[in-house]
Protein chains: 2
Amino acid sequence: MELRHLRYFRAVAEAGHITRAAERLGIQQPPLSLQIKALENELGVQLLRRLPRGVELTEAGAAFYEDTCAILTDADRAVSRVRRVARGEAGQIAVGYSSTVISHPAVKSAIRACRGQAPEVAVSLVEDGSYELAGAIAAHRLDAAFIRTEPEEFPELRFIELLQEPLLLAVPAEEGFASAGPVSLARAAALPLVLYRRSAGPKLYDRIIAAFAACGTPPRIIQEAPGANAALNLVAAGMGSTLVPQSLCAAHPEAVRYHPLAADPPLTAPVLFALRRSETSPAVRRFVSTVREVAGK
Amino acid sequence: MELRHLRYFRAVAEAGHITRAAERLGIQQPPLSLQIKALENELGVQLLRRLPRGVELTEAGAAFYEDTCAILTDADRAVSRVRRVARGEAGQIAVGYSSTVISHPAVKSAIRACRGQAPEVAVSLVEDGSYELAGAIAAHRLDAAFIRTEPEEFPELRFIELLQEPLLLAVPAEEGFASAGPVSLARAAALPLVLYRRSAGPKLYDRIIAAFAACGTPPRIIQEAPGANAALNLVAAGMGSTLVPQSLCAAHPEAVRYHPLAADPPLTAPVLFALRRSETSPAVRRFVSTVREVAGK
DNA sequence: TCCATGCCATATCTAGAACATATCAAGATC
DNA sequence: GATCTTGATATGTTCTAGATATGGCATGGA
């Protein structure tokens with residue numbers, strides 16, 4: 001049995017005439033009669049009652065007509081679906097993010113843009129640390145990720161810098177400076193600092209330490225936190241101050257005050273986009289190009 | 001696109017090798033390669049990545065593989081279903097019954113036997129009067145019916161007498177005879193009678209009247225009821241006595257006493273099975289033969 | 001009663017497609 | 001670098017879908 005038999009049978013069932021169905025199908029009547037008979041033979045079932053005028057479905061034929069229509073529409077749907085998947089308009093992608101990037105408006109709008117452009121792509125989001133995310137991408141558990149720090153150990157991955165955002169000084173509200181204006185590194189160094197631990201992002205960590213050192217005011221680090229969000233929580237609790245990427249400034253609006261940092265060169269934290277160099281999935285490639293487009297990179 | 005392409009693609013996807021899939025399919029490798037390529041061309045989508053060892057599915061190929069399997073199993077199911085329908089093992093039938101036959105054990109067991117033999121046949125049951133049921137069968141709204149009276153006006157229908165059951169005398173409990181034994185027609189004639197109206201079943205009605213007349217004791221009919229069940233309700237209310245088919249003797253066990261009728265020849269009511277002479281549906285034909293088998297007719 | 005009409009079935013032919021055989025090419029493995 | 005594995009290509013053969021021509025049968029009108 002082939003789809004041709006089903007297409008022919010459907011046409012005959014709907015026309016009620018073999019001759020008329022043949023016209024609609026663009027073939028002649030005898031081959032259509034033969035094909036229908038071949039189908040009946042293979043099934044071992046009479047599908048049509050031949051009447052003096054036209055044909056009508058038997059009980060079995062009526063049941064088979066239902067299934068025939070379902071199969072043919074499923075086949076059509078499968079064809080259009082595979083084409084959409086090949087164009088990256090359907091499918092599924094798994095995207096990771098580290099906790100300090102998801103609040104950045106550019107990241108949010110990138111993900112929103114993807115959903116808008118390819119609503120049939122199911123995007124699943126996973127939060128984890130930069131290193132873990134990179135490993136998951138290399139192991140094909142994820143397809144891409146927004147991270148802060150570029151791990152060195154993954155030559156098969158590519159990292160695209162989407163943006164640099166300034167670091168802010170986050171101070172407990174009750175100890176805040178009078179003005180909301182910029183604060184110099186020297187003044188910041190006078191505050192007791194909570195900082196995330198170096199292993200969570202050594203490059204930025206070293207840049208911060210070096211910046212303080214450059215203006216002759218080594219910072220006073222009184223507490224280490226596992227990450228920037230944890231450090232912010234400690235600030236909110238009044239334990240000290242810290243430096244966080246600007247996009248976190250919506251956190252703890254009551255308990256924490258955020259001040260721009262006056263530093264030269266400015267202290268900034270990057271948002272990186274990680275993906276496999278040899279990516280084949282059309283949905284992922286489409287996602288990647290949308291993200292780069294939105295970020296202008 | 002034909003089912004052949006889908007069968008071939010499924011085999012290749014599952015084997016991961018074109019050559020090995022060709023073996024399983026019982027064809028040679030070159031035509032299989034060509035068929036797969038033809039499928040890819042028609043879809044305009046690359047389904048396979050050709051590797052040094054075998055092939056693997058692309059994203060689009062994986063999506064298409066899912067749909068392919070669904071379509072192929074649907075096609076197989078459609079084939080087996082149409083065969084079951086043709087054998088009368090699946091489908092749907094609409095059966096009618098008049099109110100006084102459904103309680104007969106032979107009717108119940110006939111319907112139960114059909115459900116047991118062809119559980120995939122959906123049986124819908126409709127209650128109505130004998131004339132209405134016959135009309136519905138002739139109009140193809142029903143397929144068959146269990147009735148009491150054979151209407152004359154339907155030459156296209158066949159009526160099979162499944163059984164004859166004796167009539168019982170139903171008497172209000174407080175007026176019952178002392179013994180549970182048979183009651184002669186003459187004694188019954190002394191009671192005030194409730195009888196269903198003649199139009200509901202003229203043949204049996206006339207037989208009853210004639211039987212009374214034959215022993216010289218015309219009955220005293222004090223009330224007419226639309227049918228036997230309604231008459232029984234009146235008996236239960238103490239309005240009088242009536243004659244009902246034996247299978248109704250489970251009704252009103254507290255309020256009504258049932259006595260066999262001593263009459264020669266015995267007064268009996270038939271159960272008829274009505275169906276179209278030109279029935280084509282295999283499910284209905286199967287139902288009919290099961291009913292006749294169970295009834296021994 | 002006869003003929004015209006409409007529609008499906010049968011017989012036969014042809015062109016195209018599916019499949020087989022033989023061979024090649026590319027990458028992997030030793 | 002030789003060999004093996006595996007898919008691609010080239011070419012011939014078989015089978016079958018479809019075309020053409022014709023027959024059969026029932027219906028409807030003259």
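Biologist: A polar contact is a pair of N or O atoms within 3.5 Å; within protein, one must be able to donate a hydrogen and the other to accept it, and residues adjacent in sequence count only if both atoms are side-chain atoms. With that in mind, how far is a phosphate oxygen of DNA strand D from a polar backbone atom of A:Gln28?

Modeller: The distance from that backbone atom of A:Gln28 to a phosphate oxygen of DNA strand D is 2.7 Å. Please keep in mind that this is a predicted model, in which local features need pLDDT of at least 70 and side-chain atom pairs need pLDDT 80 or more, while totals for chains, interfaces and linings use all residues. Residues are numbered from 1 along each chain, chains are lettered from A and ligands numbered from 1 as written, and side-chain values use heavy atoms, without hydrogens or water.

Biologist: OK, and which atom of DNA strand D does the side chain of A:Tyr8 approach?

Modeller: An N or O atom in the side chain of A:Tyr8 is 2.6 Å from a phosphate oxygen of DNA strand D. Chain B reaches a base as well, since a polar side-chain atom of B:Gln29 is 3.0 Å from a base nitrogen of this strand.

Biologist: Which residues come nearest to DNA strand D?

Modeller: There are 21 residues around the strand, and A:Tyr8, A:Gln28, B:Thr19, B:Lys37 and B:Arg50 come nearest; a residue counts as near when one of its heavy atoms lies within 4 Å. Seen from the DNA, 77% of the strand D atoms within 4 Å of the protein belong to sugar or phosphate, and the rest belong to bases.

Biologist: And where does the largest share of that surface come from?

Modeller: H3(B) gives the largest share, with four residues. At least two residues each are supplied by H1 and H3 of chain A and by H2 and H3 of chain B; helices (H or I, at least four residues) and strands (E, at least two) are DSSP runs, numbered from the N terminus.

Biologist: New topic: how many aromatic pairs are there over all chains?

Modeller: The count over all chains is eight, where rings of Phe, Tyr and Trp (its six-membered ring) pair if their centres lie within 6.5 Å, with planes under 30 degrees apart called stacked, over 60 edge-to-face and the rest tilted. In one of these pairs, A:Phe146 and A:Phe273, the centres are 5.0 Å apart and the planes stand at 40 degrees, so the pair is tilted. A:Phe146 belongs to strand E5 (residues 144-147) of chain A and A:Phe273 to strand E12 (residues 268-276) of chain A, so their pairing ties together parts that lie 127 residues apart in sequence.

Biologist: Is A:Phe146 buried or exposed?

Modeller: A:Phe146 is buried, at 1% relative accessible area, and A:Phe273 is buried at 0%; buried means under 20%, exposed over 50%, and partly exposed in between (1.4 Å probe, protein chains only). In chain B, B:Tyr196 and B:Tyr205 make an edge-to-face pair, 6.0 Å centre to centre with 75 degrees between the planes.

Biologist: What cluster does A:Phe287 belong to?

Modeller: A:Phe287 forms one aromatic cluster with A:Phe146 and A:Phe273.

Biologist: Last one: what does the side chain of A:Thr242 reach?

Modeller: The side chain of A:Thr242 reaches the backbone oxygen of A:Val194 at 2.5 Å. A:Thr242 sits in strand E10 (residues 242-245) of chain A and is buried, with a relative accessible area of 1%. Leaving out residues up to four places away in sequence, its contacts include A:Leu168, A:Leu193, A:Ala231 and A:Val235, contact meaning heavy atoms within 4.5 Å.
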